[in-house]
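Visitor: I like to know where labels come from. Could you walk me through this structure and set each value against its definition?
Guide: Gladly, let us look together.

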Amino acid sequence: MMTKTETVAPTYSDTVTHFANLIMQASLAQVEQAAVWYHEAQEVARMVADNMGLDLIRAACIVAAFSPRERWSVNVRKAIEYSYGNTPSGLSNNVAMADASLVHGFDALKGLKTNAFARAIAGDPNAVVIDVWMCRAANLGTDSPNKTQYNFVADAVRDAAALFGITPRTAQALIWIIVRGNHA
């Protein structure tokens, strides 16, 4: 018998249905924002690439390297600051990942979220980024998914995206926008 504090993990089918329902409730403005989000992020990576004379993949990895524990506006500022040859303040591991990205590209980013973020920014339409907000969207019960949980949520996003004929990357962005809303 379950106590009131225990929760039942959502089934895969329930998670796909929940994501599909979120997508259906999206406003036109949210759909538009999601459709352009990664394209705009890619423009940031192009700026980094131009500043450093890099290919888009390595530049996208640098942008993603500065994403852990940062708001997007700070992430952008730090990636651009790095592209001008400066060392941004903050987590030293983020700088180390950016440095490694110069040589190893995607292989420099060992975290599932950071690696997927770089791939999505670089243009991979099937890349799905699972962060705190996506864990909450999936009612996962944790903000730090293990590999199995991460793949469970990412696959559910892919299947929900297929129901609407949109890319998984865009579906993830849309779900994120809906769930995060105006939270600080």
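Guide: Let us start with the definition of burial: a residue is buried under 20% relative accessible area, exposed over 50%, and partly exposed in between, with a 1.4 Å probe and protein chains only. Please keep in mind that this is a predicted model, where local features need pLDDT of at least 70, side-chain atom pairs count only at pLDDT 80 or more, and totals for chains, interfaces and linings use all residues. Residues are numbered from 1 along each chain as its sequence is written, and side-chain values use heavy atoms, with hydrogens and water left out.

Visitor: Why is Arg 69 called exposed?
Guide: Its relative accessible area is 78%, and the cut-off for exposed is over 50%, so Arg 69 is exposed. Arg 69 sits in the loop between H3 and H4. Its phi is near 60 degrees, a positive value in a residue other than glycine.

Visitor: What makes a positive phi worth a remark?
Guide: Most residues other than glycine have a negative phi. Asn 139 also has a positive phi, about 55 degrees, although it is not a glycine. Asn 139 is found in the loop between helix H7 (132–137) and helix H8 (147–164). At 51% relative accessibility, Asn 139 counts as exposed.

Visitor: How do you know how many helices and strands there are in the chain?
Guide: They are DSSP runs: helices are H or I of at least four residues, strands are E of at least two, and both are numbered from the N terminus. On that basis the chain has 9 helices and 0 strands. From the N terminus on, the elements run α-α-α-α-α-α-α-α-α.

Visitor: Why is the chain called as compact as a globular protein of that length?
Guide: The radius of gyration is taken over C-alpha atoms, and the globule rule is 2.2 Å times the number of residues to the power 0.38. The chain has a radius of gyration of 17 Å, close to the 16 Å that the rule gives for 184 residues, so it is as compact as a globular protein of that length. Along the principal axes, the C-alpha atoms fill a box of roughly 55 × 35 × 30 Å. Buried residues make up 43% of the 184 residues.

Visitor: What makes helix H3 (residues 56–65) largely enclosed?
Guide: In H3, 8 of the 10 residues are buried, so the helix is largely enclosed by the rest of the structure. Among them are Leu 56, Ile 62 and Val 63. The buried residues of H3 pack against helix H2 (28–52), helix H4 (72–83), helix H5 (92–104) and H6.

Visitor: Which contacts does Asn 115 make beyond its neighbours within four places in sequence?
Guide: Contact means heavy atoms within 4.5 Å, and by that criterion Asn 115 touches Phe 106 and Leu 109. Asn 115 lies in helix H6 (residues 112–122), and at 14% relative accessibility it counts as buried.

Visitor: Why is Asn 126 called partly exposed?
Guide: Its relative accessibility is 43%, which falls in between the two cut-offs, so Asn 126 counts as partly exposed. Asn 126 is in the loop between H6 and H7. Leaving aside neighbours within four places in sequence, Asn 126 is in contact with Arg 158 and Pro 168.

Visitor: Which residue of the chain has its C-alpha atom 8.3 Å from that of Val 36?
Guide: That is Thr 170, which is 134 residues apart from Val 36 along the chain. Val 36 is in helix H2 and partly exposed, with a relative accessible area of 33%. Glu 32 lies in helix H2 as well, and its C-alpha is 9.9 Å from that of Thr 170, with their positions 138 residues apart in sequence. At 57% relative accessibility, Glu 32 counts as exposed.

Visitor: How do you know how many disulfides there are?
Guide: A disulfide is a pair of cysteine sulfur atoms within 2.5 Å, and a search of the whole structure finds 0. Cys 61 is buried, with a relative accessible area of 0%. Cys 135 is buried too, at 1%.
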